[in-house]
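Trainee: Before any term is applied to this model, I should like to see each one set against its definition.
Mentor: Then let us take the terms one at a time.

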Amino acid sequence: MIELIGNTPIIKLKQNSKHNLYAKCEWINPTGSIKDRVAKYIIKDYIKNNILKKSQPIVEASSGNMGTSLAAIGKQLNHPVHITCPEKTGQMKRSMIERFGANLTICKNTVDALDPEFYVNKAKKIANKIDGIVINQYDNPLNTECHYNTTGKEIVDHFVNIGLDIDYFITVGGSGGTVTGCAKRIKETFPNAKVIMPDPHGSVYYDLFYNHKVINENIYGYKVEGPGNNVFCESMDLSYIDEIIQFSDSDAINACKSLAIEQGLYCGHSSGANYFIANQILSRIKDQDDKNIVILLLDSGMKY
């Protein structure tokens with residue numbers, strides 16, 4: 001199962017424009033999301049460097065997808081897995097985590113990072129109690145490194161091989177590892193590429209990017225699972241981002257429906273957000289010369 005992770009296809013999407021819209025299909029990974037890459041990468045690194053001992057528990061706070069990935073991969077490598085999720089995590093993700101044999105703790109929805117019931121704090125408490133290793137995707141440099149060495153490299157190699165430039169790269173940021181790692185790799189080969197990060201209303205990143213500070217009244221809960229965050233994560237490097245565009249819950253959810261109807265692709269909230277913003281960019285550049293836009297389709301809609 002682990003050997004199936006990564007090397008996902010890039011397809012050209014249908015749209016009524018002279019521009020080209022491409023999508024990298026991350027829902028094809030074994031548990032249905034891009035997080036399989038990070039889970040595999042970090043666990044393998046920790047085992048290789050003797051950070052993770054034989055049969056030592058793996059612990060992680062997750063909005064759902066990373067938890068699912070760690071549950072599946074940890075089990076295959078004979079490590080017990082403990083996952084904490086906020087209440088807003090969907091029932092399908094909860095079920096998958098448990099079906100893969102992990103222990104699941106549901107924590108209350110809160111944007112207060114100091115609250116002991118905040119799902120990240122709960123994971124740390126569990127790890128201390130059972131002598132577990134917290135993966136901490138949010139602040140782990142291996143998260144960004146993974147996407148630089150795998151996802152980003154695959155994107156660059158594909159466009160180099162077909163002889164096309166990348167003009168726009170669009171993907172949400174949650175922990176920040178995906179957008180940062182991919183953006184860094186893409187800009188090394190295509191320095192003129194514009195990296196655009198969709199960010200949900202209620203997330204911290206928009207204000208940090210444009211106002212260089214956290215505005216507390218702009219941080220609040222939202223329904224979409226995965227993108228954005230209520231605190232800044234060390235896996236995120238905003239210097240690789242050219243623009244952040246906000247979206248609402250309904251923008252992302254409705255775009256998931258459009259993606260299914262227009263492209264025959266049934267994907268999750270983050271993918272919907274990426275598709276929504278891609279269509280905004282297509283409208284913005286309609287009178288420009290031909291451009292190539294790349295989005296990530298991050299997980300399957302069957303997980304929602």
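**Terms and their grounds**

Mentor: The side chains of H147 and T178 make a polar contact at 3.1 Å. The model is a predicted one: local features need pLDDT of at least 70, side-chain atom pairs count only at pLDDT 80 or more, and totals for chains, interfaces and linings use all residues. Residues are numbered from 1 along each chain as its sequence is written, and side-chain values use heavy atoms, with hydrogens and water left out.

Trainee: Why is the pair H147 and T178 called a polar contact?
Mentor: The term requires a pair of N or O atoms within 3.5 Å; within protein, one must be able to donate a hydrogen and the other to accept it, and residues adjacent in sequence count only if both atoms are side-chain atoms. The side-chain pair of H147 and T178 lies at 3.1 Å, so the distance criterion is met.

Trainee: Is H147 buried or exposed, and how do you know?
Mentor: Buried means under 20% relative accessible area, exposed over 50%, and partly exposed in between, with a 1.4 Å probe and protein chains only. H147 has 0% and is therefore buried. Not counting residues up to four places away in sequence, H147 touches residues including I34, R37, V38 and C182, where contact means heavy atoms within 4.5 Å.

Trainee: H147 is found in helix α5; what makes α5 and α6 roughly parallel?
Mentor: Axes are lines fitted to C-alpha atoms, for helices over the stretch in contact, and angles run from 0 to 180 degrees between N-to-C directions. Angles under 35 degrees count as roughly parallel, over 145 as roughly antiparallel, 65 to 115 as roughly perpendicular and the rest as oblique. The axes of α5 (residues 141–149) and α6 (residues 151–162) cross at roughly 20° and come within 3 Å, so the two helices are roughly parallel to each other. In α5, C146, H147, Y148 and N149 meet T151, G152 and K153 of α6.

Trainee: Why is there no disulfide between C85 and C107?
Mentor: A disulfide is a pair of cysteine sulfur atoms within 2.5 Å. The closest cysteine sulfur to that of C85 is in C107, 7.9 Å away, which is too far for a bond. C107 is accordingly in no disulfide, and the count by this rule is zero.

Trainee: What is the relative accessibility of C107, and how is C107 classed?
Mentor: C107 has 1% and counts as buried; C85, with a relative accessible area of 0%, is buried.

Note on methods. Helices (H or I, at least four residues) and strands (E, at least two) are DSSP runs, numbered from the N terminus.
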